[in-house]
Amino acid sequence: MRRIKAALRSMRLRTLPLSLAGVLLGILLATSDFQVSLVAALLIMLTTVNLQILSNLCNELGDVLHGTDRADRQGPQYGLNGGELSIGGMKWLIGIFVVLCIASGLAMIWASFGTLLSLEAICLMMLGAAAIGGAMKYTLGRNPYGYRGLGDVYVFLFFGLVAVLGSYFVAAHTIDSWWLILPACGMGFFSMGVLNVNNIRDMKSDAATRVTVAIRLGLRGARIYQTALIVAGWACMLAYCLLRIFDPWHYLFVLTLPLYVIHLRGVWTREDRALDPMLPLLVISTFALSLLMGLGFVVFLL
């Protein structure tokens, strides 16, 4: 039971709403334009959850192996860095989730397209392989890109573009408008914001072993960067709505604006461990925004 609890902590389940936010928005926007298979939609979300957990496990293992997670770390302690899981046990857990990612991903493609041999299916399998590799190479390996300040690029691509556009395509079998790049970029910017807050919090402990955008910019620069990411995310979402046929329901997500204001205020007034509550706040705010925005377009059709 103790190991199970430790494994659950290492899975970092509180990060799941962020990974689901982009795909949920993509699925709901596809539902507003096309008829979507419920089974395919559920498998899209299951595959996303498996990929996020895989990423979290690999991130913890990589940080431990590279000496990033030390006693002076400002963030929470998980199973491996807390001493309740062994490195061997973590590798087994990672292997299990690699298999789960592959299984749910293939089931998702089959449920949506009815085959694994079409051009669309093959392209999606290649994208899935890239997602698994990206999740594992963030902090693992000899030259992890997360230690070279490239984590923001990965987050923007996979939590933004791939999450929204990929889920829309799997659900609808097409991407019928270039405008969809706007909510995809918006989710990417918000997700980069989550990573940046994490990096601002851990600047002191990270400085000895890795380079992040926050370290390169310094505390004030990282706070300005955080503000720019949130503003850019909102600009993308509003621009998408303005390009669509006007309906008040499309702007339902504006109800979440106060949460983002509270978040930015916390980023500018807190440091180190005191910043930790700003992480789940931004995650929940982004999930709520994606849910309300997607529902706004679905309700518009009712």
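The legends below walk through several close-up views of this predicted model.

This is a predicted model, so local features need pLDDT of at least 70 and side-chain atom pairs count only at pLDDT 80 or more, while totals for chains, interfaces and linings use all residues. Residues are numbered from 1 along each chain as its sequence is written, and side-chain values use heavy atoms, with hydrogens and water left out.

**View 1. The largest nonpolar core.** This core holds 88 residues. A nonpolar core here is a set of buried Ala, Val, Leu, Ile, Met, Phe, Trp, Tyr and Cys residues joined through side-chain atoms within 4.5 Å. Buried means under 20% relative accessible area, exposed means over 50%, and partly exposed is what falls in between (1.4 Å probe, protein chains only). Leu-54, Leu-57, Ile-94, Phe-190, Met-237 and Met-293 have the most contacts inside the core. Helix 6 (residues 151-172) chips in the most, with 12 residues. Helices are DSSP runs of H or I with at least four residues, numbered from the N terminus.

**View 2. Phe-190 and Thr-286 in touch.** Leaving aside residues up to four places away in sequence, Phe-190 touches Ile-230, Gly-233, Trp-234, Met-237, Tyr-260, Leu-282, Thr-286 and Leu-289. Touching means contact, that is, heavy atoms within 4.5 Å. Thr-286 sits in helix 11 (residues 278-299) and counts as buried, at 0% relative accessibility. With that sequence limit of four places, the contacts of Thr-286 are Leu-18, Ala-21, Met-187, Phe-190 and Tyr-260.

**View 3. Aromatic pairs.** The model has 13 aromatic pairs. Rings of Phe, Tyr and Trp (its six-membered ring) pair if their centres lie within 6.5 Å; planes under 30 degrees apart are stacked, over 60 edge-to-face, and the rest tilted. Phe-113 and Phe-169 make a tilted pair, 5.9 Å centre to centre with 35 degrees between the planes. That pair ties together distant parts of the chain, with Phe-113 in helix 4 (residues 87-113) and Phe-169 in helix 6, 56 residues apart. Phe-113 is buried, with 18% relative accessible area. Tyr-138 and Tyr-145 go edge-to-face, at 5.5 Å between centres and 80 degrees between planes. Tyr-138 is buried at 10% relative accessible area, and Tyr-145 is buried too, at 13%. Tyr-138 and Tyr-145 join Tyr-154 and Phe-158 in one aromatic cluster.

**View 4. The second largest cavity.** The structure has 2 cavities of 30 Å³ or more, and the second largest has a volume of about 30 Å³. On a 1 Å grid over the protein atoms alone, a cavity is a set of points where a 1.4 Å probe fits but cannot get out, and lining residues have an atom within 4 Å of a point. Grid points are joined across faces, edges and corners, and a volume is the space filled by probe spheres set on the points. Tyr-138, Gly-146, Gly-149, Leu-150, Gly-151, Asp-152, Leu-195, Asn-199, Thr-212 and Val-213 line this cavity. Helix 6 and helix 7 (181-201) each supply at least two of its lining residues. By class, the lining has 4 nonpolar, 5 polar and 1 charged residues. Ala, Val, Leu, Ile, Met, Phe, Trp, Tyr, Cys and Pro count as nonpolar, Asp, Glu, Lys and Arg as charged, and the others, Gly among them, as polar.

**View 5. The largest pocket.** This pocket has a volume of about 620 Å³. A pocket is an open set of grid points with protein on both sides within 12 Å along at least five of seven lines. Of its 29 lining residues, Thr-47, Leu-51, Leu-127, Gly-128 and Ala-131 are closest to the centre. Helix 2 (16-33), helix 3 (38-65), helix 4, helix 5 (119-137) and helix 6 each supply at least two lining residues, and helix 6 gives the most, with 8. The lining splits into 20 nonpolar, 9 polar and no charged residues.

**View 6. Two loop residues with positive phi.** Arg-12 has a phi near 50 degrees, a positive value in a residue other than glycine. Look for Arg-12 in the loop between helix 1 (2-11) and helix 2; Arg-12 is buried, with 11% relative accessible area. Asp-272, not a glycine either, has a positive phi of about 50 degrees and lies in the loop between helix 10 and helix 11.
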